[in-house]
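I opened this model to look at one helix, the loop after it and the nonpolar packing around them. My entries follow the order in which I looked things up.

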Amino acid sequence: MPREHPLHRPRHGRRQLAALVCAVLFFTAPVVTWVFGARAEQLENRPLAAFPSITEGWGFFTGLNAWATENLPFRKGAVQSVDALSRGVFGEPARLADGSHTSPIGAGQVDEKPPINENVFPAVIEGKNGWLYLGHDVSYRCVPKRTMDQVIAGLRRWRAVVEASGRKFQLVIAPDKSTVYPENMPDAYAGEDCSTQVRDEFWRRVPAATGALDLRAQLREVAARNQRPIYHDIDTHWTHEGGIAMTYQLAERLQPGVTSSWLVRPSRQYPHSADIPDLLGQDRTVPIQAYSLAPDGGPEDNTQFKASDFHQPLHLESPALPGMIDRPVRMVGDSFTQFASPYLAATFTNITVTHPDNVAVDPVAAGQLLAEGEVVTFELSERFVAGGRYPMLDPEVADQVGAVLAAHPIR
C-alpha cells in the first residue's frame with residue numbers, strides 16, 4: 001500500500017517548496033522590515049491597505065495580497081527603477097498605475113474591473129514642451145463604461161429629481177487638460193482617433209442636453225489675460241485661477257451681477273506635489289499662486305484654505321457680506337473643486353462639498369446632506385463623465401437621493 005497522500009506529487013516537491021518559501025518571505029517582509037525600522041510609503045491618495053481580519057472568512061486570504069504588496073518598504077524606489085529600466089531598454093515610460101502623492105482619481109470612481117484592452121493605454125502621456133497628461137484622458141473615452149446616451153440620461157435624471165424638490169440645480173464639467181490644451185499633446189499617441197471623436201461628441205451634446213456649464217472658452221480667456229496656462233504643465237488640474245473662474249460662473253448663474261464688487265489679489269505662493277509625475281515614481285512640484293478674495297471689494301480677505309479631498313464632507317461657513325451668495329449650497333465635487341474651495345468659502349455664506357463617491361456609496365446620507373441646501377451644485381470631471389465612470393450616473397442612485405429630497409422640499 002502506498003504511504004503517500006493521494007494528491008502528493010513528488011516531482012513537484014522542490015518547486016512547491018520554493019514557492020512556499022517565496023510566499024512566506026513576501027507576506028512576512030512587511031512585518032520583519034517594520035521591526036528593523038523600515039516603513040512603507042503611501043503611493044496612492046488613500047491609506048495603505050489594512051491587515052485583513054480573520055472574521056472575514058475567505059476574504060482574509062484574498063486580502064493578504066493587497067496588504068503585503070502595499071506595505072512593502074522601498075516600494076516607491078521599485079516604481080522608479082521599473083520606469084528607468086523601461087526607458088533605458090524600450091525607450092518609453094513604464095505603464096504604471098500607482099502614484100506617490102496626490103491622485104486626481106478618487107478611489108472607488110471605477111465601479112467595474114477595467115477590460116483587458118484598456119491596458120494598451122499608458123498611465124502617463126508625455127506631450128510636447130515637457131507637458132505631461134493623464135492617460136485616463138484618453139483611455140476613459142476610448143473604453144467607456146456607459147454610452148453617451150446613458151451619461152446624458154443620468155445627468156438629466158439628476159437635474160429632474162433636484163428641481164422636482166424645489167431646489168436649483170447647477171452642473172459644471174471641469175474640462176480635461178488635454179481638451180483645453182490639445183496643442184501640447186504628442187503628434188501621435190494610442191487612442192488619438194477614438195478619444196478625439198468622443199471628446200468632440202461630448203462637448204457637442206452634453207452641455208446642450210444637460211444644461212452643464214461649459215468653461216472651456218472662459219478658461220482660455222483667463223489664461224490669455226494672465227499670460228500663463230490655466231492648467232499646470234505636469235499636473236492634471238487647473239490652477240487656482242481655474243477654481244476662481246468656476247466660482248465666478250457659478251455665482252453669476254445664481255445671482256447675475258453679484259461678482260461686480262469682487263476684488264481678487266495675488267496672495268501667497270507655495271509648492272504643490274504634481275500628481276502626474278507621481279505615477280512614474282517621481283517627486284516633482286509645481287508652484288501654486290493663491291489669491292485673496294474680498295466679495296465686498298474691501299481690504300479684508302474672506303478666503304478659507306482648508307485641505308480636504310471631500311470624502312469627509314467639507315463645510316464652509318462665514319458671515320454674510322455684500323457680494324456673497326446668501327443661500328445654503330450643497331455641492332458634489334472632486335479634485336478640481338479643491339482648487340476652488342477657498343474662493344467658494346469667500347463668496348458663499350454656507351456651502352458643503354462632498355465627493356461623488358460618497359453619493360453612490362450611501363445615497364440616503366447624500367440625500368440628507370443635499371437636502372440641507374436650497375441650491376445643489378455638481379462639479380464633475382470630463383474624463384469621468386465622458387467615460388461613464390461615475391457610479392452616481394446610474395439613474396437609480398439619483399432616484400434614491402431624489403426620494404430624500406422630495407421628502408424635504410423647498411417651498
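These notes go from the helix to the loop and then to the cores.

I kept in mind that this is a predicted model, where local features need pLDDT of at least 70, side-chain atom pairs count only at pLDDT 80 or more, and totals for chains, interfaces and linings use all residues. Residues are numbered from 1 along each chain as its sequence is written, and side-chain values use heavy atoms, with hydrogens and water left out.

Helix α8. I looked up α8, residues 216-226 (helices are DSSP runs of H or I, at least four residues, numbered from the N terminus), and found L219, V222 and A223 buried, meaning under 20% relative accessible area with a 1.4 Å probe and protein chains only, where exposed means over 50%. Seen down the axis, the buried residues of α8 fall within an arc of 100° (taken from the directions from the helix axis to the C-beta atoms), so they line one face of the helix. On the other side of α8, I noted A224 and R225 as exposed. The cover over the buried residues includes α6 (177-180) and α9 (240-254).

Loop. Just after α8, Q227 has a positive phi of about 60°. I then found H232 in the loop between α8 and α9; H232 counts as buried because its relative accessibility is 8%. Leaving out residues up to four places away in sequence, H232 touches, among others, K177, W238 and F339, a contact being heavy atoms within 4.5 Å.

Cores. I checked the largest nonpolar core (buried Ala, Val, Leu, Ile, Met, Phe, Trp, Tyr and Cys residues joined through side-chain atoms within 4.5 Å), which has 59 residues, and L219 and W238 are among those that touch the most other members. Its largest share, six residues, comes from α9. Another core, of 35 residues, lies apart from it and includes I152 and Y390.

Technical notes: Helix = DSSP H or I, 4+ residues; strand = E, 2+ residues; numbered from the N terminus.
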